[in-house]
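Subject: Handover of a structural model

Dear colleague,

Please find below the sequence and the structure that I am handing over to you. I would be grateful if you could keep them open while reading the notes that come after.

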Amino acid sequence: MNVKTDSGRKKTQKSRAGRTALRLLVSLAAGGAAGFGISWAVYAARVGVRETTEHLNLAFLENAWIFQTAFFLALTAVSLIFLRKAVASLRNGTDEELDRAGEYQNTAMAANSADIILQFLLFGLAADGSNPGLLLSVGLFLGFCVVILFLEAALVNQIQKADPMKKGDIGSLRFHRDWLESCDEAERLGIYKASYKSFQVMNSLCPVMEAAALLGKIMFDTGNFPIILVTVLWAVQTGVYCFYSAQYDRRGAGE
């Protein structure tokens, strides 16, 4: 009985070892096939995406000034429309209209901010030796930025006229500090919440941007600069937050 039992155990162990070896071989084969497939897909995507990107870049460079002008006109029109709506609401003078004017002003400011961001992006893309209208792109960028800054100053002046408690000179380096100090507690709380939400979003976005920069290095030979740039921005944001958080904690403890 013991001999038969031992023989059965050996057969079972051999069977298990055989199945394990088979699974290992299958896994290795599947891994090799997957690796080959991924390598081929990456190579194909790299060639295809690179060619597509080059064609799109050339098409953009030939019409860069059109994109700059189109986005500027569209977003500036939005800012002016809501600026005029805010003026109309402020003239009515009711509490409801004043609240509505604040919403209009916020929308106009958001459109103006989006405009300046897009102008920097488009100018950065247009700043290429292959751009036949490079000087035109430079001139448009400078002119549009001046108009956007004047429009922002007009928005700030309108808000200050509606609420004389708001302080700060738009041309001063202390503008944001003076503006914050002139806000009431509810407004400050809203600013603090929005700032912390922005920090959270950026803290989640930075690792994604790091991965995108690494992918760009592997697939498109973009080099290390995008990785370093994202890391610096991430470190500065986190460092500033930690520094001021500790500073305000010490002030709170001292009080």
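The notes below go from the overall fold to individual residues.

Please bear in mind that this is a predicted model, in which local features need pLDDT of at least 70 and side-chain atom pairs count only at pLDDT 80 or more, whereas totals for chains, interfaces and linings use all residues. Residues are numbered from 1 along each chain as its sequence is written, and side-chain values use heavy atoms, with hydrogens and water left out.

Overall fold

The chain has seven helices and zero strands; helices (H or I, at least four residues) and strands (E, at least two) are DSSP runs, numbered from the N terminus. Read from the N terminus, the order of elements is α-α-α-α-α-α-α. The chain has 255 residues, of which 20% are buried; buried means under 20% relative accessible area, exposed over 50%, and partly exposed in between (1.4 Å probe, protein chains only). Its accessible surface is about 17,900 Å², and carbon and sulfur atoms account for 67% of that area. These areas come from the Shrake-Rupley method with a 1.4 Å probe, and for residues only the protein chains shown count as cover. Among contacts (heavy atoms within 4.5 Å) between residues at least 6 apart in sequence, 61% join residues at least 24 apart.

Helix α3

Helix α3 covers residues 95-126. Its 32 residues should span 46 Å at 1.5 Å a residue, and the end C-alpha atoms are indeed 46 Å apart; the expected span is 1.5 Å times one less than the number of residues. The buried residues of α3 include Glu97, Tyr104, Gln105, Asn112, Asp115 and Leu122. Gln105, which lies in this helix, counts as buried because its relative accessible area is 9%. Beyond its neighbours within four places in sequence, Gln105 is in contact with Ala86, Leu90, Leu155, Gln158 and Ile159.

Salt bridges

Side chains of opposite charge can pair when their charged atoms come close. The whole structure holds five salt bridges, each defined as a side-chain nitrogen of Lys or Arg within 4 Å of a carboxyl oxygen of Asp or Glu. In α3, Glu96 pairs with Arg100, with 3.2 Å between the closest N and O atoms. These two residues are about one helical turn from each other because they are four residues apart in the helix. Arg100 also forms a salt bridge with Glu97, where the closest N and O atoms are 3.5 Å apart; here the partners are three residues apart, again about one helical turn. Glu96 is exposed at 54% relative accessibility, Arg100 is partly exposed at 32%, and Glu97 is buried at 16%.

A further salt bridge joins Lys166 and Glu187, with the closest N and O atoms 3.0 Å apart. This pair links distant parts of the chain: Lys166 is in the loop between α4 (134-162) and α5 (175-182), and Glu187 is in helix α6 (residues 185-220), 21 residues away. Lys166 is buried, at 8% relative accessible area, while Glu187 is partly exposed at 31%. Returning to α3, shared partners join Glu96, Glu97 and Arg100 into one network of salt bridges.

The loop between α4 and α5

Ile170 is found in the loop between α4 and α5 and is partly exposed, at 32% relative accessibility. Ile170 and Ala153 are 17 residues apart in sequence, yet their C-alpha atoms are 6.2 Å apart in space. Leaving out residues up to four places away in sequence, Ile170 touches Glu152, Ala153, Val156 and Phe175.

Surface patch and cysteines

Which residues make the nonpolar surface patch of about 680 Å²? They are Ile228, Val232, Val236, Val240, Phe243, Tyr244 and Tyr248. Patches are made of residues with over 30% relative accessible area and no salt bridge; like charges are joined within 9 Å, and nonpolar side chains (Val, Leu, Ile, Met, Phe, Trp, Tyr) within 5 Å. Val240 belongs to helix α7 (residues 225-254) and is partly exposed, at 41% relative accessibility.

A search of the whole structure finds zero disulfides, that is, pairs of cysteine sulfur atoms within 2.5 Å. Cys145 is buried at 11% relative accessible area, and Cys206 is buried at 6%.

With kind regards
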